Amino acid sequence: MPERIEGLPELTKKERMKIARHAMPEQTPEARVENFAEVALGYTAATAMEEAQRCLQCEKPLCVAGCPVEIDIPAFIDLIRQGDFKGAVAKIKETNTLPAICGRVCPQEDQCEVVCVLEKKFTPVAIGRLERFVADVERDAGTTEMPHCAAPSGHKVAIIGCGPAGLACAADLAKLGHQVTIFEALHKTGGVLVYGIPEFRLPKAIVDFEVENLKRMGVEIRTGYVVGKTATVEELFHEQGYDAVFFGTGAGLPSFLGVPGENYIGVVSANEFLTRVNLMKAYDFPNYDTPVRVGKRVAVVGSGNVAMDCLRCAKRLGAEHVICVYRRTRNESPARKEELERAEEEFIDFRWLSAPLEIYGNDDGFVTGMKIQRMELGEPDASGRRRPVPVAGSEYDIEVDTVIVAIGQSPNPLATRATPGLELNRHGCIVVDEATMMSRSLPGVFAGGDIVTGAATVILAMGAGKVAARGIHDWLGKLERGEVTKPPFTSAPA
Amino acid sequence: MHTIHRKELIAPKFWRFVVAAPEIARRHRPGQFVMVLLSDRGERIPLTIAHSDPQAGTITLVVQEVGKTTMSMGELEEGGQILSVVGPLGTPTHIENFGTVVCVGGGAGIAPMLPIAAGMKKAGNRVLSILGGRSEELVILRDEMTAASDEITFTTDDGSFGRKGFVTHALADLIAEKGKPDLVVAIGPAIMMKVVADLTRKHEIPTLCSLNSIMIDGTGMCGCCRVTVGGQTRFVCVDGPEFDAHKVDFDVLLKRLRMFLPEEQEARERYMADHACRALEGVAHA
Ligand SMILES: Cc1cc2nc3c(=O)[nH]c(=O)nc-3n(C[C@H](O)[C@H](O)[C@H](O)COP(=O)(O)OP(=O)(O)OC[C@H]3O[C@@H](n4cnc5c(N)ncnc54)[C@H](O)[C@@H]3O)c2cc1C
Ligand code: SF4
Ligand code: FES
């Protein structure tokens, strides 16, 4: 598709409001549960421009305030209307490093779109779909321009973790002329974008494309390198000569339920299941060597984005009956609305107000079933949501071959534990100064993304990476002027 | 990419690889392992580091051909490359001068035992080793283990070498003759470690074992490797691989090891069928 075509005229406000929001072309539910290809097919240029025509070009755009990285939304949308797709994507990239990814996975319905003025009376402008559209046009055209990189500063920065936080931080530091190395524990780059989020929501080729661009900007990536094991942060500073270190290590530690029977074969964490399926491509076993088995009946515990991905992967792997077990109601489900709706279309059996009590297995150690307790909503808890309380005598059993536990992740302590003096909160998250993302206890060490906030979103991780890049740049300046020194690490690392 | 410096057959289906991995060699401590991935379509498997040479920048891995991945490793050539070797992972063995340490190694478990026995000896312990296998050629690394031990006993199931019987028989006799050692370290098939644990529990001898569960990432991210130790769920890749053998629920471990038996069988058969075809083609072309 060309990156510049003839635009559409500007309409009056009244005319704009008459246009209905354009639906996203999708694979039908029947077709898509048979494959791992992307569900959403993307707007055509004509649809995108008509959708762009809907935007009222507000003077005080609420959408911009709703965007965690404050993309100039009306400006990029107007460029789409004018047929200037290249200009539109350049506008987005002023503040967002990864538009093709964010356009697909951001919860726009809670961010820019929920506050769009059209939301109140009509339906909001499809900001996310437009963002995705222009990013795809640019990638398909093969004209992605490398950002200008400043002259080499002579400073080296180590980034731990190649998820959205690390990628965004690396890109901005490279632009500022610093020499960047990303250390990634896994053999592939992208963090949750490759091991967690499935192909049918975010094609891996898009993630690879972004990583390739980063390499072309001169960023070095070392995969299969576990900081805390292969080398410590102290060694990065004092033996390998890095001047600053950024933690973008995410929240990769799985939680389990703590109910009897949890170690039966067939009870897996969402991380294990998704890693097998997405990172190791077990859906293509035996063409790929890693196996996965779901059986006929699968229960997924939890109802966030991670749970939705597990439910939908299980369905695609051929499970006949896929059940979602969640102790609150649909209203409290933390998943993106769009993903919840798609899962509902994909024949998932949602059991709201249901909590697992016990997992049953056979003598060979395989899962056979689960005991479920019905719940009802009681008084609001600390989070303001009504607390689910058990309904006495309401237990019942279901038969299952697989149980996938998707009830949350916490930070992986491998790197933080091997960094003496690094202040963590009680959840194991790194405590930073929000303006610079620098550790409060170890100057020169920065952090951003899920390792700071706990499991959150791609855009927040990316935004934090960018703030940290600024903070690191300032720190390097101070280092140069002799105002600060690298952390000495007085106690020996573990 | 990691270059294979040396590859040799040390027993039927047992290969010793010396692989370039300078940073891993530098930090390796006894008891640690690496995750190995051969190719883009491969699976990640854990292999214990049998030896490391920080000067040469190499680590030694001993691999028994049991499944598709280990069988493909048997086909790799010296000078060839391994896509990914990650580590050193796991918590190192706690090595100090305990007094007398008995090292019980069975089959492929002898390889991970080697650095531990050597480390224990270096720390001043009297190291008494008992190595066993099904038959003579499966009792691997005999010279290396002899050098790392003060005394050594060999057993084979069929009596083809050393004394006939299991390592546990030899261990029971050793305890009867020499009294209780201060520590027993047992590494081998899960069933062997279970029997050793049962024996030493009776004698109240502290016992460590090293568990070989199925792993994916090896860094605590998936929970696939979890086992029950002292009634609690623990991850072998980060909390272990060594645990107090008296607290390990070996029944859970034994069952979990059978998790993917049908798939492993399928992969192995396809691999062998593939190779039979290629061998036949080779004949046809000759
Ligand atoms: C299944 C799933 C679905 C999701 N869906 C959505 C969605 O639709 N929309 C959305 O906005 N968010 C979603 N999220 C959340 C989002 O993916 C995360 O918030 C985001 O990826 C966090 O980015 P990060 O860079 O902080 O960490 P991660 O993406 O977790 O990356 C961290 C990286 O660090 C590496 N690492 C960890 N420790 C070490 C170490 N010691 N040495 C070297 N490397 C290390 C890890 O291997 C990993 O690659 C989803 C998450 C999951 C799991
Ligand atoms: S709030 Fe909605 S209508 Fe207003 S500028 Fe943003 S996208 Fe356009
Ligand atoms: S192998 Fe994944 S947690 Fe241990």
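**Packing and overall dimensions of chains A and B**

Helix 1 (13-18), helix 5 (73-81), helix 6 (85-93) and helix 10 (127-141) of chain A are the elements against which the buried residues of helix 3 of chain A pack. The model in which this packing is seen is a predicted one. Helix 3 of chain A spans residues 45-53, and 7 of its 9 residues are buried, so this helix is largely enclosed by the rest of the structure. The buried positions are A45(A), T47(A), A48(A), M49(A), E51(A), A52(A) and Q53(A). The list thus takes in E51(A) and Q53(A) along with A45(A), A48(A) and A52(A). As a helpful reminder, an α-helix has 3.6 residues a turn, so residues three or four places apart point the same way.

Stepping back to the whole of chain A, the secondary structure consists of 20 helices and 18 strands. With a radius of gyration of 24 Å, close to the 23 Å that the globule rule gives for 494 residues, chain A is as compact as a globular protein of that length. Along the principal axes, the C-alpha atoms of chain A fill a box of roughly 70 × 70 × 50 Å. Of the 494 residues in chain A, 58% are buried. Among contacts in chain A with a separation of 6 or more, 70% are between residues 24 or more positions apart. The exposed area of chain A is about 19500 Å², and 51% of it is supplied by carbon and sulfur atoms. As for charge, chain A carries 56 positive and 67 negative side chains, with the centres of the two sets 3 Å apart.

Chain B can be described along the same route. Its secondary structure comprises 9 helices and 16 strands. The radius of gyration of chain B is 19 Å, close to the 19 Å from the globule rule for 286 residues, so chain B is as compact as a globular protein of that length. The C-alpha atoms of chain B occupy a box of roughly 65 × 45 × 40 Å along the principal axes, and 55% of the 286 residues count as buried. Carbon and sulfur atoms account for 52% of the accessible surface of chain B, which comes to about 12100 Å².

Chain B is also divided into domain 1 (2-89) and domain 2 (100-257). The C-alpha centres of these two domains of chain B lie 21 Å apart. Across the boundary, 18 residues of domain 1 of chain B are in contact with 21 residues of domain 2 of chain B.

Note on methods
Residues are numbered from 1 along each chain as its sequence is written. Chains are lettered from A and ligands numbered from 1 in the order in which they are written. This is a predicted model: local features need pLDDT of at least 70, side-chain atom pairs count only at pLDDT 80 or more; totals for chains, interfaces and linings use all residues. Side-chain values use heavy atoms; hydrogens and water are left out. Helices (H or I, at least four residues) and strands (E, at least two) are DSSP runs, numbered from the N terminus. The radius of gyration is taken over C-alpha atoms; the globule rule is 2.2 Å times the number of residues to the power 0.38. Buried means under 20% relative accessible area, exposed over 50%, partly exposed in between (1.4 Å probe, protein chains only). Contact means heavy atoms within 4.5 Å. Accessible areas come from the Shrake-Rupley method with a 1.4 Å probe; for residues, only the protein chains shown count as cover. Lys and Arg count as positive and Asp and Glu as negative; His and the chain ends are not counted. The place of a charge is taken as NZ of Lys, CZ of Arg, CG of Asp or CD of Glu. Domain bounds come from an automatic or database domain assignment.
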